[in-house]
Amino acid sequence: MNSKERLKLSWKITNHINKKFCKNRLIIDKILFFNSIRKSKGCGVVHGFYDSNSKMIGIKNDISLIEQIETLCHELTHAYQHQIEKNNKLVHNKVGNKIFSKFMKSTEDILKISLSR
Ligand SMILES: [Zn+2]
């Protein structure tokens, strides 16, 4: 899967999760793939970040597709915490894990379609 297709898939997953769990209230302005490890003030996970100011999600380029999808769902969980739950602290806790699991599960159907083509 090339980078253009990965980006397309990322938006597909994001839009699906937004519709299914957030009534389309989640605002994600940009998804970008990056090469180097970048530091962010939000989440410390090196595979990605969610920037609550610019409402942008970043995902590392040189990890596997499934890791990128996990990263996307992880960062979407932070966006959910920030925008829907109005929680300014991006936390890693049991509630967050539950949301993450729901998001991951919901990507299964999208992945089946996208990867079988
Ligand atoms: Zn995190």
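Contact means heavy atoms within 4.5 Å. The exercises below concern a predicted model, in which local features need pLDDT of at least 70, side-chain atom pairs count only at pLDDT 80 or more, and totals for chains, interfaces and linings use all residues. Residues are numbered from 1 along each chain as its sequence is written, and side-chain values use heavy atoms, with hydrogens and water left out.

**Exercise 1. Determine the order of the elements and assess the compactness of the protein.**

Solution.
1. Helices (H or I, at least four residues) and strands (E, at least two) are DSSP runs, numbered from the N terminus.
2. The protein holds 3 helices and 3 strands, and their order from the N terminus is α-β-β-β-α-α.
3. The radius of gyration, taken over C-alpha atoms, is compared with the globule rule of 2.2 Å times the number of residues to the power 0.38. The protein has a radius of gyration of 13 Å, close to the 13 Å that the rule gives for 117 residues, so it is as compact as a globular protein of that length.
4. Of the contacts with a separation of 6 or more, 61% join residues 24 or more positions apart.

**Exercise 2. Check the length of helix α1 and describe its ends and its buried residues.**

Solution.
1. The expected span of a helix is 1.5 Å times one less than its number of residues. For the 20 residues of α1 (residues 3–22) this gives 28 Å, and the end C-alpha atoms lie 27 Å apart, which agrees.
2. At the N-terminal end, N2 caps α1 through a side-chain oxygen 3.0 Å from the backbone nitrogen of K4.
3. Just after α1, K23 takes a positive phi of about 50°. N24, in the loop between α1 and β1, also has a positive phi, of about 60°, although it is not a glycine.
4. Buried means under 20% relative accessible area, exposed over 50%, and partly exposed in between (1.4 Å probe, protein chains only). The buried residues of α1 are R6, L9, S10, I13, T14, I17, N18 and C22; their cover includes β1 (30–34), β3 (56–60), α2 (65–83) and α3 (94–116).

**Exercise 3. Identify the residues and elements that build the largest nonpolar core.**

Solution.
1. A nonpolar core is a set of buried Ala, Val, Leu, Ile, Met, Phe, Trp, Tyr and Cys residues joined through side-chain atoms within 4.5 Å.
2. The largest has 25 residues, of which I28 and L76 touch the most other members.
3. Two or more residues come from each of α1, β1, β3, α2 and α3, and α2 gives the most, with 7 residues.
4. Leaving out residues up to four places away in sequence, L76 touches T14, I17, L26, I28, I57 and F103.

**Exercise 4. Contrast the settings of T77, N88 and K86.**

Solution.
1. T77 is in helix α2 and is buried, with a relative accessible area of 5%.
2. The side chain of T77 reaches the backbone oxygen of C73 at 2.7 Å. Apart from neighbours within four places in sequence, T77 is in contact with G96, I99, F100 and F103.
3. N88 belongs to the loop between α2 and α3 and counts as exposed at 69% relative accessibility. The C-alpha atoms of N88 and H78, 10 residues apart along the chain, are separated by 9.5 Å.
4. K86 lies in the loop between α2 and α3 and counts as exposed at 65% relative accessibility. Its phi is near 55°, a positive value in a residue other than glycine.

Technical notes:
A polar contact is a pair of N or O atoms within 3.5 Å; within protein, one must be able to donate a hydrogen and the other to accept it, and residues adjacent in sequence count only if both atoms are side-chain atoms.
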